[in-house]
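Open the model in your viewer and keep the selection panel at hand. The stops below go from the DNA to the chain pair and then to a sheet.

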Number of protein chains: 2
Amino acid sequence: MDNCFGDSMKNIGDIIRVAEQHCESRGTRLTKKRKHVLTALIESAKALSAYDLIDVCREKYGEDIPAMSVYRILEFLESENLVHKLSTASKYASCENIIGDKARCYSQFLICKSCSKVKEVGLKPTMIAELQATVKDASFKLVNPQLEMNCLCDDCA
Amino acid sequence: MDNCFGDSMKNIGDIIRVAEQHCESRGTRLTKKRKHVLTALIESAKALSAYDLIDVCREKYGEDIPAMSVYRILEFLESENLVHKLSTASKYASCENIIGDKARCYSQFLICKSCSKVKEVGLKPTMIAELQATVKDASFKLVNPQLEMNCLCDDCA
DNA sequence: TGCCTCAATGTTACATTATAACATCAAAAG
DNA sequence: CTTTTGATGTTATAATGTAACATTGAGGCA
């Protein structure tokens with residue numbers, strides 16, 4: 001079982017519903033546009049840029065969201081742990097385990113540098129511990145334990 | 001002993017000389033401007049953006065290098081393994097072990113997101129192996145095994 | 001020396017990613 | 001039904017990066 005939803009949680013409608021409840025329980029709202037951006041990311045196997053998302057929303061929902069709004073929406077979705085920013089690619093991907101047990105918020109992202117296909121894999125506790133030890137030894141504090149790995153997917157390799 | 005030069009290799013002049021020989025042996029040239037950009041990065045404890053480097057070169061060498069050239073120079077220095085691009089920060093840092101034994105080219109970069117202070121730490125072989133196994137299991141190929149960790153340094157924390 | 005060649009750099013223009021500042025709109029709460 | 005606050009729109013611009021073509025300069029060689 002690869003996510004926190006179990007086998008019953010397969011389709012996007014279900015995921016969106018969970019995301020909606022998640023927001024509600026935190027006193028925030030998953031508005032229509034936020035839902036559209038999130039859906040676009042969930043439906044995409046590839047990480048998308050903010051400007052990609054503008055295009056998708058126009059094509060799919062006939063909705064013209066200005067760049068500024070998309071960035072704000074992404075920022076919101078990130079703060080709700082529904083979306084990850086992949087800084088190395090300047091793109092965004094939906095979280096694989098939307099309502100996320102916190103133990104899994106340490107992730108490793110494999111990003112195809114050719115086609116942007118992305119896979120999120122949980123980090124093992126031993127890895128996390130080791131990474132944190134290194135950080136501590138170097139007198140730094142870890143802010144965001146997200147690892148991004150520059151890869152090629154099998155199709156592109 | 002923290003680098004491949006031993007204790008005798010402490011100052012910038014020595015490092016630059018090694019870098020120069022390294023290029024020469026590879027049939028490339030460490031020109032004056034390339035040397036200036038590399039020196040600026042070596043002397044900086046913080047990662048610098050391309051535009052930061054333009055400023056440093058102007059201030060320090062009275063030399064006006066256009067952005068395009070700085071990017072090309074950085075690309076060259078990267079290809080010679082003298083400099084790393086830190087994609088998460090859109091900044092650049094000199095390699096800590098310039099002529100680098102290849103075993104150390106798998107590095108972990110701790111980057112202070114507030115002041116850009118950066119520390120490069122070698123990854124342990126067990127870590128490398130584990131990261132690579134994950135990548136392979138997910139049907140990806142690792143292109144660049146550089147880990148960037150979003151941190152705060154002790155001063156900024 | 002003077003020419004040739006190719007690497008390095010310059011120039012111009014523009015693409016992409018992102019944010020600041022202020023205006024407007026809309027939903028929930030009194 | 002107004003008030004308040006969160007969400008979105010608008011405009012302008014900053015920051016990062018690249019494409020395409022022109023020019024310069026360093027070494028090799030007649």
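In what follows, Ala, Val, Leu, Ile, Met, Phe, Trp, Tyr, Cys and Pro count as nonpolar, Asp, Glu, Lys and Arg as charged, and the others, Gly among them, as polar. This is a predicted model, in which local features need pLDDT of at least 70 and side-chain atom pairs count only at pLDDT 80 or more, while totals for chains, interfaces and linings use all residues. Residues are numbered from 1 along each chain as its sequence is written, chains are lettered from A and ligands numbered from 1 in the order in which they are written, and side-chain values use heavy atoms, with hydrogens and water left out.

**DNA strand D**

Select DNA strand D and the residues near it (one of their heavy atoms within 4 Å). By class, this surface has seven nonpolar, four polar and seven charged residues. Of the 18 residues around the strand, Thr31(A), Lys33(A), Ser69(A), Arg72(A) and Lys85(B) come nearest. Sugar and phosphate make up 51% of the strand D atoms that come within 4 Å of the protein.

Next, show the side chains of Thr31(A), Lys33(A) and Tyr71(B). An N or O atom in the side chain of Thr31(A) is 2.7 Å from a phosphate oxygen of DNA strand D. For Lys33(A) the corresponding distance is 2.5 Å, and for Tyr71(B) it is 3.1 Å. Two or more residues of this surface come from each of α2 (32-43) and α4 (67-79) of chain A and α4 (67-79) of chain B; helices here are DSSP runs of H or I with at least four residues, strands are runs of E with at least two, and both are numbered from the N terminus. The largest share, four residues, comes from α4(A).

**The two chains**

Superpose chain B on chain A, by least squares on the C-alpha atoms of residues with pLDDT of at least 70 in both. A turn of 180° and a shift of 0.0 Å along the axis give an RMSD of 0.0 Å. The copies are therefore related as by a two-fold rotation axis. Of the residues of chain B, Thr88(B) comes closest to that axis, its C-alpha at 2.5 Å.

**The sheet**

Select β4(A), β3(A), β6(A) and β5(B), which in that order form an open sheet of four strands with mixed pairing; strands pair if DSSP finds at least two bridges between them. β4 (118-122) of chain A and β5 (140-144) of chain B stand at the edges, each with a single partner strand, so one side of each lacks a neighbour in the sheet. Zoom in on β6 (residues 147-153) of chain A, which is joined to β5(B) by four bridges and runs antiparallel to that strand. Finish at Asn150(A), which stands opposite Asn144(B) in β5(B).

Technical notes
Polar contact = N/O pair within 3.5 Å; in protein donor to acceptor, adjacent residues only side chain to side chain.
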